[in-house]
Amino acid sequence: DRGGDELIHQVLTCHPDLRKLNLSTVKIRSGCSALANFLKNPNSKLSELELTFDEIDDQGAAVLATGLTGNSTLKALTITCNESIFISGWQSIFAVLKSSSCMIEVLDLNSNEFEDRHIVSLSNAMRNNSRLRSVSLFDNPHISVIGWRAFFTVLHNPTNELEKLDISNNRINDDAIEDLINALVT
């Protein structure tokens, strides 16, 4: 349905100087296209975007990623509780982090039902990212020690500038905690 896309387009067109946008529980689904176009606009001033419980799917995530790739103002991105995004959608979003034009410093990915393949994909995307300062992965309990080990290797990377990491409310065993400690002390 084009209704969501048209409504979001109208709202964003009327407010080109918008700096913070919280679309939580709006269930934007088809509105990802208008949001992506707004993000691609060189006059966009949007610095914070929150998408929680929005029923975004893989196609919406891929469209949203095109807007994020062309954006140089967004500093904080929250995509939480969007369990309809599967691995291909997340890979599209994570690929944005590889871009040298990506300015995202705060990334909140809480409660997205991530598994090892999601966190490995995020880890690969973060490998050469020097902008991220804060990452929150709260409440993604399906990540095993394999996924956490892949993620913690990013902390060893010399380009890593993380200042805040929230991995609370996850199932992290002693082996993964040891890997985390080793990553933090080296």
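Me: Is L184 buried or exposed in this predicted model?
Reply: The model is predicted. L184 has a relative accessible area of 58%. Exposed means over 50%. Therefore L184 counts as exposed.

Me: Where does L184 lie?
Reply: Look along residues 174-185. They make up one helix, and L184 has its place there. The element is helix 7.

Me: Which residues form a nonpolar patch on the surface, and what is their accessible area together?
Reply: L184 belongs to this patch. I177, I181 and V185 join L184 in it. Together their accessible area is about 380 Å².

Me: How many salt bridges does the count come to?
Reply: Side chains of opposite charge can pair when their charged atoms come close. The cut-off used here is 4 Å between nitrogen and carboxyl oxygen. By this rule the count is 6.

Me: Which residue forms a salt bridge with K45?
Reply: The closest N and O atoms of the pair are 3.0 Å apart. The link joins distant parts of the chain, 28 residues apart. K45 sits in the loop between helix 2 and strand 2, and its partner in the loop between helix 1 and strand 1. That partner is D17.

Me: Is D17 buried or exposed?
Reply: K45, its partner, is partly exposed at 33% relative accessibility. D17 has a relative accessible area of 52%. Over 50% is the mark for exposed. So D17 is exposed.

Me: How many residues apart are E55 and K27?
Reply: E55 and K27 form a salt bridge, with the closest N and O atoms 3.9 Å apart. E55 is in the loop between strand 2 and helix 3. K27 is in the loop between strand 1 and helix 2. The pair links distant parts of the chain, and the separation is 28 residues.

Me: What is the relative accessibility of K27?
Reply: E55 counts as partly exposed at 33% relative accessibility. K27 also counts as partly exposed. Its value is 35%.

Me: Which residue forms a salt bridge with R117?
Reply: R117 is partly exposed, with a relative accessible area of 47%. Its closest N and O contact in the pair is 3.5 Å. The partner is E115.

Me: How far apart in space are V26 and F53?
Reply: V26 lies in the loop between strand 1 and helix 2. In sequence, V26 and F53 are 27 residues apart. C-alpha to C-alpha, the distance is 7.6 Å.

Me: Which helix gives the largest share of the largest nonpolar core?
Reply: This core has 51 residues. L35, L122, L137 and W148 touch the most other members. The largest share, 5 residues, comes from helix 2.

Me: Which residues is L137 in contact with, leaving aside its neighbours within four places in sequence?
Reply: L137 is one of the core residues that touch the most other members. Its contacts include L109, N110, F114, I119 and L122. The others are W148, F151, D166, I167 and N170.

Me: Why is strand 3 largely enclosed by the rest of the structure?
Reply: In a regular strand the side chains alternate between the two faces of the sheet. Here A76, T78 and T80 are buried on one side, and L77 and I79 on the other. Strand 3 is largely enclosed because 5 of its 5 residues are buried.

Me: Which residue in strand 3 stands opposite T52?
Reply: Strand 2 and strand 3 pair in the parallel sense. The pairing runs over 5 bridges. Opposite T52 stands T80.

Terms used: Residues numbered from 1 in each chain as written. Predicted model: local features only at pLDDT ≥ 70, side-chain atom pairs only at ≥ 80, totals over all residues. Heavy atoms only, no water. Salt bridge = Lys/Arg side-chain N within 4 Å of Asp/Glu carboxyl O. Helix = DSSP H or I, 4+ residues; strand = E, 2+ residues; numbered from the N terminus. Buried < 20%, exposed > 50% of the residue type's maximum accessible area, 1.4 Å probe, protein only. Patch = residues over 30% accessible without salt bridge, like charges linked within 9 Å, V, L, I, M, F, W, Y side chains within 5 Å. Areas by Shrake-Rupley, 256 points an atom, 1.4 Å probe, with all protein chains shown as cover. Core = buried A, V, L, I, M, F, W, Y, C linked by side-chain atoms within 4.5 Å. Contact = heavy atoms within 4.5 Å. Pairing = 2+ DSSP bridges.
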